[in-house]
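Colleague: I have a few questions about this one before I go back to the bench. Could you take me through it?

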Amino acid sequence: MSKIAVILFPGINCENETARAIESVGMKADIVRWNDTRNLDSYDGYVLPGGWSYEDRIRAGVIAAKDPVMNIIKEEAEKGKVVMGICNGCQIIVESGIIPGLQDKVQMALAPNKNPFVSGFYCTWIKIKNFSKKKNAFNLKLNEGEVMNVPIAHGEGRFATKDETLVRYLLANDQLLFRYCDETGNIADKFPANPNGSLINIAGIVNKKGNVLAMMPHPERAAWMRQVPGMHSNGESAGPGRKIFESIREYLK
Amino acid sequence: MGDVDIEKVQITSMSDPDIQQFIKKNSLALKVSECREIVKLIGRDPTLTEIHMFNIEWSEHCSYKSSKETLKLLPTSGPTVIMGPKEDSGIIKFAKVDGEQYGIVISHESHNHPSQVVPYEGAATGIGGNVRDVLCMGARVIACADPLRFGDPNGTKKNYVKYVANSVVEGIACYGNPLGIPVIAGDVYFNESFNDNCLVNVVTLGIIKENEIFHSAAPENSDGYDIVIVGKATDNSGFGGAAFASLILDESEEEYNKGAVQVPDPFLKNVLIRATEAVFKEAKEKKIVLGFKDMGAGGIMCATSELCDAGGFGADIDIDNIHISMKNLPPYIIACGETQERFTWISPSSFTPTILKIYNEEFELPNVAEGAQATVIGKVTKSTGYILKHEGKVICNVPVNMLTGGIRYKRDKKEMKRNFKEPNLKEPSDYNSIALKVLNNPNVASKAMIYKHYDTEVQGLAVIRPGEADAGIQAPIPGNKAGVALSVDHNPRYSRINPYLGGVAAVAEAMRNVAAVGAIPYGMTDCLNFGNPEVPEAFNDFVESVKGIADAANKLCWKGDGKSPVAFVSGNVSFYNESIAGKQIDPSPVIACMGYMEDYTKAVTMKIKEKNSSLFLAGERKDELGGSVYYELHKENGLNVPKIEFEKEKNTIYAVIDCIDNGLFLSCHDISDGGLLTTVSEMILGGEADGKIGAEVSLDFSGLRNDKILFSESSGFVFEVNDKNIENVNNIFERHGVKIVKIGKTVENKSLIVQKGSDVLVKLEIDELKKAWTTGVARAMR
């Protein structure tokens, strides 16, 4: 059975449901404190869950990205182990430069939402599309172009970059795994399909090798049908977000 | 009586005017007679620290000195109660899983005055205190709800009202979201009575196993146990603003203004919660019994004295051991200040190192927030004296039960003259425009703009979230289908006109809302927000309101046995809510009702699900538009507020629950603010306002004038039934002795059509309904 470490930085608040979602697909999940790194390299993968690591001081994810534990995670990612950051975990991974990871520096940031309806923190259900044509550790169980119903909950979720050429590379490398779309799967650039004004509707980016993912939406909050609005009569059966965790399990087999 | 080592305040030899001057100089809330009472009670003149302690313990907030007698009217026990109102939170029975009884811990608090003065911090610290109340029972905190009342957004004070409203919402979001506690319910009203005094109430839920409750008491045989405090370093924040302003301190002027406002730190609180859960786990594994309590009003003094007194012990505390973040604080500020994010443990000395290690090393509190830590500050003692030492001297030495015993007042009451009467309005000629105005009224319109600021999904336990239905539902035991439902309710305009009926209606609506999703009402809490209890008319409004909620709780019984009351397990009283000119707010007994659902998959939302299904009404339309939105549009109050017929109401609630349990409803929505037309419109729209199925309704079932049928807020439900289930639904309602009537059907057309005979009164497209309903709150807040 694959073993995943769920990293608990001070201020993280999604560790329990993230661990449950990992265990729901038959992997083992341990919640590991940021300052307890004794056996961290013994895990097969690492998930950085959502929250407010280090109070989001300066900018979301910046401080945690500099935490010593991230050096270990970087090394393990280079070895090909699976690393996934969700929401604040996404911000941490992007601030550490692992994503998009085309150069050895921070190339992107998660900027404050642009949203005509609610300013600041915004929590709602949206649609994302499996946009990547290549298979990677996170979409093995997804069909090409599959549209998923998942929630977002963030104030700084707008993928942004100063590097105008970067998007071209990301598209060419098939690194734009998840993009916000409307009900029918169109990558519509306007609110509400694009809930935060993210650059070309980016919701999640993988590294070139396809073993690291940074995504703003929360698949662990859509891992049971019970959690999906209007679908609770389906009870504890698998929700759309679970496929991402199933993909990780298959990849690690 | 024990003595002290320092100078005392010579109350005995002071004249009344001298005492009055002393009270003013020290910004005390005590009265002259109460200062003399202290001397009589402890048998000597008190020290300044002791006076400050009694000042807090005898405050309305701590002692319930005006309200205690009246609160006895409320039912507080019954078969669904695990623990009634005696500790920081109450506990209601929940599911039994694998032989283990679970309980829902619930607490309800207000933070009204701080939120009016500094709305962002006030609202944030309001949540903070309420969450601590639930956590300290040993529970996992799983949900919050926020009943909010703001002033008139179009009135004379609209700019400040909007500022307060937006800042309160932001404060709740910026505190609750980082903590990781989902918001699952809430309500919002705007009216001019809250112009100078907003209401910010908070309800928090937690889940716990019945045999794993931590009590707010020093355990048996705990003589010699350590008193450990944990959390933020103590400073001067939250020590009565005026008191602080009258002191001469070395600190800079910037500190001078912090005064009574507590300073929220959700980041530290997040880590504290996780570390505390680690202590719970360790203590359970090692079978160590600990005492645990939140530090709220009265800070260290209240928490430690109440813990020790509850166990029949005393305390010996050295103030110099308390970790502080400001120099030269007088000892009574250290003892009584209300610095946020702190708790107290009573621990055997063998277990204390474990507690210190978890907080200080594993979760690195000192690195998380400057000066934060866990520290031993004293011992539990066999003698029942409450002793505080400072610089080697005893500065307080009073019997602990005298300190916590409080005082009582019997307040005068007198019925307020109310001159409300029914208006004489002409029947409108254009129902379309009235319908849209009602939907656009901020007290009716969609609150999405507010609750989308809140994290409704964190913890992954959501089943039904705000806006989707009349109550929110969480599934708090992962893997199990047990659901906990929550609704918070009260209509201030009803209570303005008739406090008794307003109280009754609040309880009935809270129960209807819980029933409308299919859950059985199991328990309640109240937050009683009123004016000045020293004014006989205001106190009478309080008493009448409590009578109303008590009657409703007793008569709308628990469905489990059909006779026990739905008990109040915790609550809060907030007096002195009034305008600058001294006019009281609308009497506001805000009710939270918790419901239990064995199988959440059976829950229904309000959104219409199918074309060509039937719409039914339970609950006769009556000429009860007093306090209605319709009258508000005409700038009228009216007189006839909805009256609840207890037996009928109870039976209707039971029948609705039975129908949902049998899977017979496609959707269900209670009738409240705005009346029948609003209910049907909201069913068409759904919480996300993305509904695509319309409805045709006929008013031929009633002989009332059309505007009264459409806008009366008489209690009731509308529900959607597939035609194949109509007979079963009829049978269930008949069994409960309740008449229902078919009022229309759902249609493929994307419109709402209302007819009387062959006259079309309302014909509106869904897009028109949507625009009115989704823009009302933005109009009020922006």
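Modeller: One term to begin with: a charge sits over a ring if NZ of Lys or CZ of Arg is within 6 Å of the ring centre and within 35 degrees of the ring normal. This is a predicted model, in which local features need pLDDT of at least 70 and side-chain atom pairs count only at pLDDT 80 or more, while totals for chains, interfaces and linings use all residues. Residues are numbered from 1 along each chain as its sequence is written, chains are lettered from A in the order in which they are written, and side-chain values use heavy atoms, with hydrogens and water left out.

Colleague: OK, so which ring does the charged end of K3(A) sit over?

Modeller: That is the ring of Y43(A), with the charged end 4.8 Å from the ring centre. In another such arrangement, R179(A) lies over the face of F131(A), at 4.4 Å from the centre of the ring.

Colleague: And how many aromatic pairs are there over all chains?

Modeller: The search of the whole structure gives 25 (rings of Phe, Tyr and Trp, the last by its six-membered ring, pair if their centres lie within 6.5 Å; planes under 30 degrees apart count as stacked, over 60 as edge-to-face and the rest as tilted). Among them, Y43(A) and Y46(A) are edge-to-face, at 6.5 Å centre to centre and 65 degrees between the planes.

Colleague: Are Y43(A) and Y46(A) buried or exposed?

Modeller: Both Y43(A) and Y46(A) are buried, which here means under 20% relative accessible area, with exposed being over 50% and partly exposed in between (1.4 Å probe, protein chains only).

Colleague: What about F665(B) and F719(B), how are their rings arranged?

Modeller: Their centres are 4.2 Å apart and their planes at 10 degrees, so F665(B) and F719(B) are a stacked pair. Both of these residues are buried too.

Colleague: Changing topic, how many residues does each chain bring to the contact?

Modeller: Chain A brings 37 residues and chain B 42 residues, contact meaning heavy atoms within 4.5 Å. About 3,100 Å² is buried between the two chains, 53% of it from carbon and sulfur atoms (buried area being the accessible area, with a 1.4 Å probe, that two parts lose on being put together, summed over both).

Colleague: Which three residues supply 20% of the area that chain A buries?

Modeller: F117(A), R226(A) and H232(A) do, more than any other three residues.

Colleague: And how many salt bridges are there between chain A and chain B?

Modeller: The count is three, a salt bridge being a side-chain nitrogen of Lys or Arg within 4 Å of a carboxyl oxygen of Asp or Glu. R274(B) forms a salt bridge with E15(A), and the closest N and O atoms there are 2.6 Å apart.
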